[in-house]
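Hello,

Here is the structure I promised to pass on to you. My notes follow below it, so you can read them with the coordinates open.

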Amino acid sequence: MKNQVIDKRILVVLTMMLALVMNAKAQQKPNVVQQKRMMEFQVMMAMHDTTYKNYIKDGKYKEAITPLTTLINILDTTTICQRTELSPEMIKAAKADYLYDMACCYALTKQKKLALEALGKSVDSGYKRYDNMLNDNDLASLRKDKKYQALLAVVKDRQPLSVLKKSAPYAQDAVKIDNPFRYESKDSKCLSVVREYFKLDSVAGQGDELSKIINLLHFAHDNMRHDGGNRAFAEMDAIDLYNYCKTTGRGINCRQLAISLCEMYLSMGIPARYVTCMPADSLDYECHVINTVWSDQLQKWLYIDPTMDAWVMDENGTMLSIAEVRERLRNDLPLVLCETANWNHENQQTKEYYLDYYMAKNLYYFVCKKYSRFNPESDYRPNPAEEDIRLIPVGFVNNNWKCDTTTDPNFFWANPE
């Protein structure tokens, strides 16, 4: 339960903000009535949320059950979804977490039957934090119970790798469609400036193509710090983002890092895209953006992650593509994470966390631009949805990203022409 306190506040309070963000993306501003109703709902939830957390902080688990019950009743009876952009799925996810905490309170006050009942309702509502449920000492009194073990098995089946393995297959398009992907020439004025500004010929070095690709990756990772919670107030190009980092001392998000590295590759005549890797869960807004980089040497795309200074190999040390990493995860085939994989030179990444959990979650479907170019997402010019295309499994329904769609991986990962 203690691991849920921060998550709960994010889930209950920020879901309203997330709804407004998604609404704004569609260029539909919420009206005054919607804003008022959302604010009233938020205030009411926050009041009871604070009350039960204070009880838990003081070890008053029995007393915490009353405000938890009130919160769950509010979620069960609210009509907020009919009046605002807050979705029923968001309400259900918040309810799952409150029911989980209620189960903990019942377990800690030796009310095992009620604890298992609340835990069952939490799982029915979609609870999916397996590691928390497995290791939460608040539920220690339930662990030997068959019902608890059955519920734990359900939650385990909701883990990212399990979800990815259960995804539907792709399907090739029956009709041949022209390759829509284009790459700005390294001789363009803007990319020439990028190459000269960073002295990328020197950065890339005199080795073979793969060593140049890796050297450019190291350069971007070492010189632009990652901060997933910060979207730099800058133009979306490598030079401006680099100067933002150096001037402010702040980091940039994974999208801005991948855009920067993509421009560096393009400026060196290496075809590249930045790819938004998305989760299956429509309520999970934490995606990850990496690069796919073309290697003439291997005649394939390569998986390159500037946030983590990472690439991925097979058991023979051959660098893999994003598509190959996804399929190897799905089929339990060997994957080797490079030794350099790290976050800001502070936390070393492990294969078990980075690939089996984090990227397994974010490799469900993909979105990228049809045209890879300098400054692709400027805040000061339109970025129409028709510039994007996504690759999804057959039958997958998720409208968080509305753009052209294909189920054909050969089309989406087409070789550069």
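**Strand 9 and its neighbours**

Let me start with strand 9, where Tyr-365, Val-367 and Lys-369 point one way while Phe-366 and Cys-368 point the other way, and all of them are buried. Please keep in mind as you read that this is a predicted model. In a regular strand, side chains alternate between the two faces of the sheet. Strand 9 is mostly covered, with five of its five residues buried.

On one side, strand 9 is joined to strand 11 (residues 388–391) by four bridges, and the two run antiparallel. If you want a place to check this pairing, look at Lys-369, which stands opposite Asp-388 in strand 11. These two residues come back in the section on charges, since Lys-369, Arg-373, Glu-387 and Asp-388 are linked in a network of salt bridges.

Strand 9 (residues 365–369) also pairs with strand 2, again through four bridges and in an antiparallel direction. Here Met-278 of strand 2 faces a residue of strand 9, namely Tyr-365.

**Strand 2 and the whole sheet**

How many residues of strand 2 are buried? The count is seven of seven for residues 272–278, which makes strand 2 mostly covered. Both of its faces are covered: Ala-272, Tyr-274, Thr-276 and Met-278 are buried on one side, and Arg-273, Val-275 and Cys-277 are buried on the other. You may like to look at Arg-273 in that list, as it is a buried residue that counts by class as charged.

Besides strand 9, strand 2 pairs with strand 3 (residues 288–295); six bridges join them and they run antiparallel. Ala-272 has Val-293 of strand 3 standing opposite.

Putting the strands together gives an open sheet of six, in the order 4-3-2-9-11-12, with mixed pairing. Strand 4 (300–304) and strand 12 (404–406) are the edge strands, each pairing on one side only. From one strand to the next, the twist averages 30°.

**Helices**

One helix to look at beside the sheet is helix 12 (residues 209–223), which lies across strand 3 and strand 4 and runs at about 155° to strand 3.

Elsewhere, helix 10 (residues 189–197) packs with helix 13 (residues 238–248) at an angle of about 40°, their axes being 10 Å apart. Helix 10 and helix 13 are therefore oblique to each other. Val-193, Val-194 and Tyr-197 of helix 10 make the contact with Ile-239, Tyr-242 and Asn-243 of helix 13. By class, that contact has five nonpolar residues, one polar and no charged ones.

**Charged pairs**

Side chains of opposite charge can pair when their charged atoms come close. The count for this model comes to 21 salt bridges. Three of them, described one by one, may be handy when you look at the charges:

- Arg-129 forms a salt bridge with Asp-97, with the closest N and O atoms 2.7 Å apart. Arg-129 is in the loop between helix 6 (112–124) and helix 7 (130–135), and Asp-97 is in helix 5 (residues 88–108), so the pair ties together parts that are 32 residues apart in sequence. Arg-129 is partly exposed, with a relative accessible area of 29%, whereas Asp-97 is buried, with a relative accessible area of 1%.
- Asp-145 and Lys-112 meet through their side chains in a salt bridge (3.4 Å, N to O). Because Asp-145 lies in the loop between helix 7 and helix 8 (146–156) and Lys-112 in helix 6, this pair ties together parts that are 33 residues apart in sequence. Lys-112 counts as partly exposed, at 38% relative accessibility.
- Glu-315 and Arg-328 also meet in a salt bridge between side chains (3.1 Å, N to O). Glu-315 is in the loop between strand 5 (312–313) and helix 15 (322–330), and Arg-328 is in helix 15, so that the pair links distant parts of the chain, 13 residues apart.

Is Arg-328 buried or exposed? Its relative accessibility is 16%, and buried means under 20%, so Arg-328 counts as buried. Its partner Glu-315, at 47% relative accessibility, counts as partly exposed.

That is what I have for now. Happy exploring, and do write back with any questions!

Best wishes

Definitions and conventions:
Residues numbered from 1 in each chain as written. Predicted model: local features only at pLDDT ≥ 70, side-chain atom pairs only at ≥ 80, totals over all residues. Heavy atoms only, no water. Buried < 20%, exposed > 50% of the residue type's maximum accessible area, 1.4 Å probe, protein only. Pairing = 2+ DSSP bridges. Axes fitted to C-alpha atoms, helices over the stretch in contact; angles between N-to-C directions. Contact = heavy atoms within 4.5 Å. Parallel < 35°, antiparallel > 145°, perpendicular 65-115°, else oblique. Salt bridge = Lys/Arg side-chain N within 4 Å of Asp/Glu carboxyl O.
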